[in-house]
Amino acid sequence: SHFVGTDGEDYFARLTNRFSRNLMLGVQLDRAIVGNTAFGPTEPKERRIGGAVDLSYQFWDKYSIFAQYQLMHVNNRNFQTGDDGTDHLLRLELTRSFR
């Protein structure tokens with residue numbers, strides 16, 4: 001199931017640009033209101049807003065590396081009033097193509 005539960009909203013936008021055959025840059029924005037994820041009322045709702053930037057580079061014909069940095073501000077984390085903060089996520093991926 002989707003993380004926003006049965007009573008939530010998620011707005012997501014992503015733009016990418018390929019600068020060359022081997023290099024691609026991406027930018028994304030995300031706003032989510034996480035609602036009821038269990039039976040019965042779950043108040044307050046968790047609210048998230050953030051964005052990310054990523055870079056993908058292909059090398060040696062069959063290998064590519066992907067790096068992304070995401071920043072997300074969260075209000076009412078885990079449905080707890082006042083549990084606010086900022087989350088940072090760094091993703092690194094190495095991919096090999098077998099084609």
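Visitor: What makes the contact between the side chains of Arg14 and Asp54 a salt bridge?

Guide: Keep in mind that this is a predicted model. In it, a nitrogen-to-oxygen distance of 2.8 Å separates the Arg14 and Asp54 side chains. The cut-off is within 4 Å for a side-chain nitrogen of Lys or Arg and a carboxyl oxygen of Asp or Glu, so the Arg14–Asp54 pair qualifies.

Visitor: And what does that pair tie together?

Guide: Parts that are 40 residues apart in sequence, because Arg14 sits in strand β1 (residues 9-18) and Asp54 in strand β3 (residues 46-59).

Visitor: Why is Asp54 called buried?

Guide: Asp54 has a relative accessible area of 4%, and buried means under 20%, so the label fits Asp54.

Visitor: Then why does Arg14 count as partly exposed?

Guide: Its value is 34%. Partly exposed runs between the 20% and 50% cut-offs, so that's where Arg14 lands.

Visitor: How do you know that Asp83 and Arg77 meet in a salt bridge?

Guide: Their N to O distance is 3.8 Å. The limit is within 4 Å, so this pair passes too. Arg77 and Asp83 are also linked with Asp87 in a network of salt bridges.

Visitor: What makes Glu93 and Arg91 a salt bridge, then?

Guide: Here the side chains meet at 2.3 Å, N to O, which is within 4 Å, so that's a salt bridge as well. Both ends are partly exposed: Glu93 at 33% and Arg91 at 34%.

Visitor: How many salt bridges does the structure hold?

Guide: There are 5, including the Arg14–Asp54 pair.

Definitions and conventions. Residues are numbered from 1 along each chain as its sequence is written. This is a predicted model: local features need pLDDT of at least 70, side-chain atom pairs count only at pLDDT 80 or more; totals for chains, interfaces and linings use all residues. Side-chain values use heavy atoms; hydrogens and water are left out. Helices (H or I, at least four residues) and strands (E, at least two) are DSSP runs, numbered from the N terminus. Buried means under 20% relative accessible area, exposed over 50%, partly exposed in between (1.4 Å probe, protein chains only).
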